[in-house]
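Work through the exercises below with the model open in a viewer. Try each task before reading its solution.

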Amino acid sequence: MIQFWLAIPSRVWAQLEQSDRLEIAASSSRSEVFEVFTLGNGGLIALVRGDDFIGNRNETWEFTKYDISLNPIWRVKYKLDNRYTPVMAHQGRDHGYWLFAQPDTDHFLFIQMNFEDGTIETFKGDLLSGIDVHQFKVIGSKAIIAGYHRSRPVVVVHSFFDHTSKVLPGLYEKNTELNNVDINEQDGIINVITYAYRKKNCVFEIKTYSYEGRLIKKTSLSDPKNSLISGQIVPLNQDDSYLIGNYSVGCTPYSQGLYITHITDNEPETPEFIEFSELQNFFNFMKPKRRERVKERIGKRKSLGKENRFRYRLLVHELIQTEDEIVLVAEVYYPNQRAGSPIITNGVNRPYSGRSIEGYRYTHAIVCGFDRNGKFKWDNCIPIKDLNSFELQEMVQLTPVNDYFILAYPQDGNIHTEVINRSKVVVENEKFELATKSQSDKVLTNENAYLAPWYGQYFLAYGLQRVGPSTVGLGREVFYINKLTYKTEGIEKAENRESNNVPRE
């Protein structure tokens with residue numbers, strides 16, 4: 001086990017450990033893509049797929065399952081029919097699913113893999129020709145394919161059992177955008193969230209469908225001033241839930257803050273809107289002088305009765321739910337310069353084709369906590385410096401460890417971390433360099449690094465590196481997976497010492 005000790009202010013020593021590392025040699029003779037699917041304490045699946053640049057050759061997909069010590073358990077190869085192109089993947093609890101399309105036809109192919117033994121089953125079906133797929137999920141024995149057909153939203157439910165497809169009713173409308181498709185496997189419910197522009201007003205709607213595709217209920221949310229941009233459902237029971245997301249002003253894509261609303265029997269309560277200026281730590285990514293100027297300008301506008309308008313774009317992560325809290329993580333980003341396509345992806349629910357040619361720059365991520373009664377309780381922030389991504393995707397990873405949250409993101413072969421205890425930063429930004437498998441090797445280049453949650457307090461860093469014993473040679477390219485964990489015992493001891501040293505009245 002490789003141990004790294006990081007110096008922390010206030011005489012706190014925190015420990016970031018790299019316990020294991022896996023290196024897979026990248027081929028120099030073909031184009032390859034590397035993906036990782038985490039399975040909790042069941043291990044992980046690594047996928048390497050490659051094209052040999054030979055006419056009419058089917059692409060080879062090689063799946064390998066590893067245990068939590070990164071030892072191989074099984075390996076399966078699949079030859080993809082070259083008539084099909086990969087579209088998107090979905091990870092279920094016990095199975096992985098891959099969606100493929102035959103271009104210029106309505107023919108689609110589904111692959112289902114059993115995570116336990118690698119058994120692969122294939123299903124074929126006819127959907128809609130020309131559908132631009134944005135989301136792909138599976139509930140039970142049915143695939144949910146959501147996207148756009150002739151610029152209008154459409155959601156198709158395809159049955160693996162009888163190979164039939166059904167278009168969900170009430171969605172194929174003008175000036176409407178798909179926001180999210182949420183599946184409730186326990187109750188067999190499909191929630192389709194849309195965003196529509198109607199009569200100079202923005203309407204946020206949740207349409208709920210049964211497992212058979214029947215429209216059960218519809219909930220509309222509209223506010224004369226604020227427009228909801230995104231929303232995630234936190235079910236309490238079949239007729240009671242919270243909706244949490246971000247909002248804008250005037251139907252723009254620029255977030256002004258967060259909101260939470262309680263929905264009972266299809267009727268939403270008046271949302272609680274939390275403007276960014278009301279968050280305690282939102283502007284902490286700025287340098288102190290600039291932060292004070294911004295806060296002073298915001299205060300002056302409020303004192304004059306003027307509204308503040310922000311131009312932040314938010315990438316909101318899937319909500320993290322604990323026994324006592326609902327935690328929201330969101331990254332603030334800006335479109336960047338033109339960029340090429342990566343050869344590493346994080347696999348789950350990411351399109352294989354049609355990637356944006358624009359890159360994105362991240363400035364900071366926010367973390368906010370709500371209690372189980374739907375009340376906003378705390379917020380925090382991790383600054384991000386000069387982080388760019390070819391795709392718009394989640395870069396900051398949050399890992400709960402004891403009573404702390406470890407925030408981490410990859411950059412240039414390093415892992416940047418920050419440790420928070422709700423609204424308090426207990427360990428400021430630290431940088432950790434990923435180690436190679438052999439002590440004689442050095443990292444020569446880094447590309448496309450990602451982080452993913454794994455199990456307990458462990459997370460994974462993976463990507464592509466060129467490694468070698470000397471900076472003189474070219475070295476060799478490897479796909480790598482590093483197993484990491486963060487030890488907080490030193491923080492806890494230091495905090496206990498500080499609390500014991502506080503004078504008592």
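**Exercise 1. Strand 36**

Why is strand 36 (residues 476-487) described as largely enclosed by the rest of the structure?

Solution. The model is predicted, so treat each value as computed from it.
- Step 1. Count the buried residues: nine of the 12 in strand 36 are buried, so the rest of the structure largely encloses this strand.
- Step 2. Find the pairing partner. Strand 35 (residues 458-468) runs antiparallel to strand 36, and 10 bridges join the two.
- Step 3. Fix the register with one pair: R466 has E477 of strand 36 as its bridge partner.

**Exercise 2. The whole chain**

Task: describe the fold in overall terms before going into detail.

Solution.
- Step 1. Take the secondary structure: the chain has two helices and 36 strands.
- Step 2. Take burial: 54% of the 505 residues count as buried.
- Step 3. Take the surface. The chain exposes about 24,400 Å². Carbon and sulfur atoms supply 46% of that area.
- Step 4. Take the contacts with a separation of 6 or more: 50% of them come from residues 24 or more positions apart.

**Exercise 3. Strand 31 and its two partners**

Task: establish how strand 31 (residues 404-411) is covered, then place the strands on either side in sequence.

Solution.
- Step 1. Count again. Eight of the eight residues of strand 31 are buried, so the strand is largely enclosed by the rest of the structure.
- Step 2. Split the strand by face. In a regular strand, side chains alternate between the two faces of the sheet.
- Step 3. Check each side. Y404, I406, A408 and P410 lie on one side, and F405, L407, Y409 and Q411 on the other. Every one of these residues is buried, and both faces are covered.
- Step 4. Pair strand 31 with strand 30 (residues 397-401). The two run antiparallel and share five bridges. V401 is the bridge partner of Y404 in strand 31.
- Step 5. Inspect that hairpin. Two residues separate strand 30 from strand 31, and N402 has a positive phi near 55 degrees.
- Step 6. Pair strand 31 with strand 32 (residues 414-421). This pairing is also antiparallel, over seven bridges. A408 has T417 of strand 32 as its bridge partner.
- Step 7. Inspect the second hairpin. Two residues lie between strand 31 and strand 32, and D412 in the turn takes a positive phi of about 55 degrees.

**Exercise 4. Aromatic rings and charges**

Task: classify two ring pairs, then find charged groups placed over rings.

Solution.
- Step 1. Note the search result: the whole structure has 25 aromatic pairs.
- Step 2. Take F63 and W98. Their ring centres are 5.1 Å apart, with 65 degrees between the planes. Planes over 60 degrees apart count as edge-to-face, so F63 and W98 form an edge-to-face pair.
- Step 3. Locate the two residues. F63 is in strand 5 (residues 59-66) and W98 in strand 8 (residues 95-101). They are 35 residues apart, and the pair links distant parts of the chain.
- Step 4. Check burial. The relative accessible area of F63 is 1%, so F63 is buried. For W98 the value is 2%, so W98 is buried too.
- Step 5. Take F370 and F376. This pair is edge-to-face, at 5.7 Å centre to centre and 65 degrees between the planes.
- Step 6. Check burial here. F370, at 1% relative accessibility, is buried. F376, at 22%, counts as partly exposed.
- Step 7. Look for a cluster. Ring pairs link F37, W61, F63, W98 and F100.
- Step 8. Look for charges. K142 lies over the face of Y211, 4.4 Å from the ring centre. The charged end of R311 sits over the ring of Y254, at 4.0 Å from its centre.

**Exercise 5. Two polar residues**

Task: is N191 buried or exposed, and which side chain joins it in a polar contact? Then turn to T436.

Solution.
- Step 1. Place N191: it lies in strand 16 (residues 189-198).
- Step 2. Read its accessibility. At 8%, N191 counts as buried.
- Step 3. Find the polar partner. The side chains of N191 and T208 are joined by a polar contact of 2.7 Å.
- Step 4. Place T436: it lies in the loop between strand 33 (424-433) and strand 34 (442-453).
- Step 5. Read its accessibility. T436 is buried, with a relative accessible area of 10%.
- Step 6. List backbone oxygens by a polar atom of the T436 side chain. That of S438 lies 2.6 Å away, and that of D441 lies 3.2 Å away.
- Step 7. Add contacts beyond four places in sequence. T436 touches several residues, among them Q18, R21, E23 and V467.

Note on methods
Residues numbered from 1 in each chain as written. Predicted model: local features only at pLDDT ≥ 70, side-chain atom pairs only at ≥ 80, totals over all residues. Heavy atoms only, no water. Helix = DSSP H or I, 4+ residues; strand = E, 2+ residues; numbered from the N terminus. Buried < 20%, exposed > 50% of the residue type's maximum accessible area, 1.4 Å probe, protein only. Contact = heavy atoms within 4.5 Å. Areas by Shrake-Rupley, 256 points an atom, 1.4 Å probe, with all protein chains shown as cover. Pairing = 2+ DSSP bridges. Phe/Tyr/Trp six-rings, centres within 6.5 Å; stacked < 30°, edge-to-face > 60°. Lys NZ or Arg CZ within 6 Å of the ring centre and 35° of its normal. Polar contact = N/O pair within 3.5 Å; in protein donor to acceptor, adjacent residues only side chain to side chain.
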